[in-house]
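Morning, everyone, and thanks for coming. Let me put the structure up, and then I'll talk you through the parts I'd like you to look at.

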Amino acid sequence: MEQVRIGNGCGFWGDNLDAPLILAERGRLDYLTLEYLAELTMSILALQRQRDPQAGFATDFLDVLERLCPILRAQPNLKVITNAGGMNPAGCAAKARALLDRAGLSDRRIATVSGDDLLPCIDQLLAEGHPLANLDTGQPLADVRARLVSANVYLGAGPIVAALRQGAAVVITGRVADASLTLAPAMYEFGWAEDDWDRLAAGTIAGHIIECGAQATGGLWCNWQEAPDLGDVGYPIAAIDRDGTFRITKPPGTGGAVNCETVAEQLLYEVGDPSAYLTPDVSADFTSVRLSQEGPETVRVEGARGRPAPDRYKVSIAYRDGFTASGTLVIFGPDAPAKARRCGEMILQRLRRAGIELEQSNLECLGAGDCVPGVIPAAVAPPEVVLRISVRDSRRGAVERFARELAPLVTSGPPGVTGYTTGRPSVREVFAYWPALIDRTIVTPRVEVC
Amino acid sequence: MTAGETIRLSDIAHGRSGDKGNHANIGVLAYTPAGYDWLRRHLTAEVVARYFAPLRPSRVDRYEAPNLLALNFILYDVLAGGASRSLRADSQGKTYALALLQMTIDRPENYAAMLRPGGNRHE
């Protein structure tokens, strides 16, 4: 194979359910990747698994896989790589196995990649002197140990390559660096070495560009009005050559746009130092690549340079941090922003009257520039605003009481208060994010085929 | 061209923003090399920190990506706790690039060389 075509049909859990099918049907793919795990998705999945040992993975994937079966039958060489396994790759694989068997695809092997979950051995790690200190604050993990919900290493491409070598047609992983989902099939197909830093950087950069789905193909593009039919946006494909040169494109006949602007914007998305984008596989230099428009919907990316991978893995840790709820009311009429703020204050005042001083609260007048508070003032007085009031507190009861305090304002506040139709705000648990690093040597990725 | 005239940053650049924990990143990409030259000289970390002062960044770092005619800014501690903890509607800094692109700037002398070839419809 001189070129491998990898399409990413899902950028997060909650992304469009038809996109992977359209991409697989029309994209002439060798690999379909599906990315489900945002930073805090793992904590939600961890709690699900606590309640039900069979749960703890991204269930959307099974719906997608079921609908993919006819396409997998028609395209026997198409492989699927996903991090949908979340906190329970084996549980996800068992369900996927049954599903493929029912569809007459029992010949397709499924592999799981695990070993990313550090929670079972967290006390041992702390005792052995791995502080897992917060990367931002330096605080030692011991401070929040009692409240930990999940702790997962970002694994790299290596174990996925191993799974492909064992003949897997579907690879289901736990926490893996997003870009590794794309790099792995390129490494496997071309036999790139684990220290071929420039090639590894190329595959990583391709993965970074496509990992958020349609954000590479017209989604979020500043000149989005020029993208034909964004409503029918096609999801991105990285067509990677053996030497690491690759093209970003999308299935023919789909909407959206692929040009140097869409690709360059996405290259910088959620990036720190662009000359050293760190993954478990490589330190990729985004400033090394040259972009050029090769066809109407094709951008060529070449010249990628990389440096050795960091000697520590990144760990994504989540801990319980109280409860939150957020509700909205529509406030109409003259001086709507000022009136909205008074309404919000009344809600907090009534809570204080009930003996509840919330640890944290926030009032926003959406429509009056509060999306970026204080930076962009409203140009004219808006005829109405949305009052958004949000609270956080370590006591669930306090947040529940807050959730009951919005409705009364419809009759006991100023005139022009409306929009209370979605019911009481729901109370949910807060999981705070704790980034840390750990030595590679203590982590053992596991690959199992079923 | 009259002295004192102003334009928007969006006339010469586009961008995209997102979150990194409690920090936001904003990529700002010039439409032309002349525009990139202007960005490098004028859109300093200090200017961006001042613009976003109401969000109280603890620090702003700026990186250069000349191959993309782009600057990347990291605004530290501006998300009121980040995606999980923040009580804001925009807990992930998704809107910050568009906010920055609304910045009013003095119209540069070689402004015509900075405009997007083929025009710009996103105003």
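Start at A:Ala318, please. Which residues does A:Ala318 touch, once we leave out those up to four places away in sequence? There are A:Leu40, A:Met42 and A:Ser43, then A:Val149 and A:Ser150, and finally the run A:Phe431, A:Ala432, A:Tyr433 and A:Trp434. Before going on, I should say that this is a predicted model. The predictor gives the complex an ipTM of 0.96 and a pTM of 0.96.

Now zoom out a little from that alanine. A:Ala318 is among the residues with the most contacts inside the largest nonpolar core, which has 163 residues. Others on that list are A:Ile160, A:Val171, A:Ala184, A:Ile205, A:Ala238 and A:Ile317. Which helix gives the most to this core? That would be α8 of chain A, residues 197–210, with eight residues. Apart from this core lies another, of 14 residues, including A:Ile347, A:Val385, A:Ile389 and A:Val417.

Let's follow A:Ile160 from that list. A:Ile160 sits in helix α6 of chain A, residues 158–165, and is one of its buried residues, along with A:Pro159, A:Val161, A:Ala163 and A:Leu164. What covers them? The cover includes the strands β3, β4 (109–114), β6 and β19 (446–449) of chain A, plus helix α7 (180–190). Just after α6(A), have a look at A:Gly167, which takes a positive phi of about 90°.

One of those covering strands deserves a moment of its own. Are the two faces of β3(A), residues 79–82, covered or open? Covered, both of them: A:Lys79 and A:Ile81 are buried on one side, and A:Val80 and A:Thr82 are buried on the other. Yes, that includes the lysine.

As for the neighbours of β3(A), strand β2 of chain A, residues 31–34, runs parallel to it and is joined to it by four bridges. There, A:Thr33 has A:Ile81 as its bridge partner. Strand β6(A), residues 168–173, also runs parallel to β3(A), this time with three bridges. In that pairing A:Thr82 is matched with A:Ile172.

Over to chain B, then. Its mean pLDDT is 93, and 94% of its residues reach 70 or more. Chain B has four helices and six strands, and from the N terminus on they run β-β-β-α-α-β-β-α-α-β. The C-alpha trace spans about 45 × 30 × 25 Å along its principal axes. A compact globule of 123 residues would have a radius of gyration near 14 Å, so the 15 Å of chain B agrees with that. Buried residues make up 49% of the chain. Of the contacts in chain B with a separation of 6 or more, 63% are between residues 24 or more positions apart.

Last stop, the place where the two chains meet. How many residues does each chain bring to the contact? Chain B brings 37 and chain A brings 42. On the chain B side, the elements giving two or more residues are β2 (13–20), β3 (23–30), β4 (59–65), β5 (70–76), α3 (82–85) and α4 (96–101). The largest share, six residues, comes from β2(B). By class, that side of chain B has 16 nonpolar, 14 polar and seven charged residues.

That's my tour; over to you for questions.

Key:
Residues are numbered from 1 along each chain as its sequence is written. Chains are lettered from A and ligands numbered from 1 in the order in which they are written. This is a predicted model: local features need pLDDT of at least 70, side-chain atom pairs count only at pLDDT 80 or more; totals for chains, interfaces and linings use all residues. pLDDT is the predictor's confidence in each residue, from 0 to 100. A residue is buried if 20 or more other C-beta atoms lie within 10 Å of its own, exposed if 12 or fewer, and partly exposed in between; C-beta atoms are placed from the backbone. Two strands pair if DSSP finds at least two bridges between them. The radius of gyration is taken over C-alpha atoms; the globule rule is 2.2 Å times the number of residues to the power 0.38. Two residues are in contact if their C-beta atoms, placed from the backbone, lie within 7 Å. Ala, Val, Leu, Ile, Met, Phe, Trp, Tyr, Cys and Pro count as nonpolar, Asp, Glu, Lys and Arg as charged, and the others, Gly among them, as polar. A nonpolar core is a set of buried Ala, Val, Leu, Ile, Met, Phe, Trp, Tyr and Cys residues joined through C-beta atoms within 7 Å.
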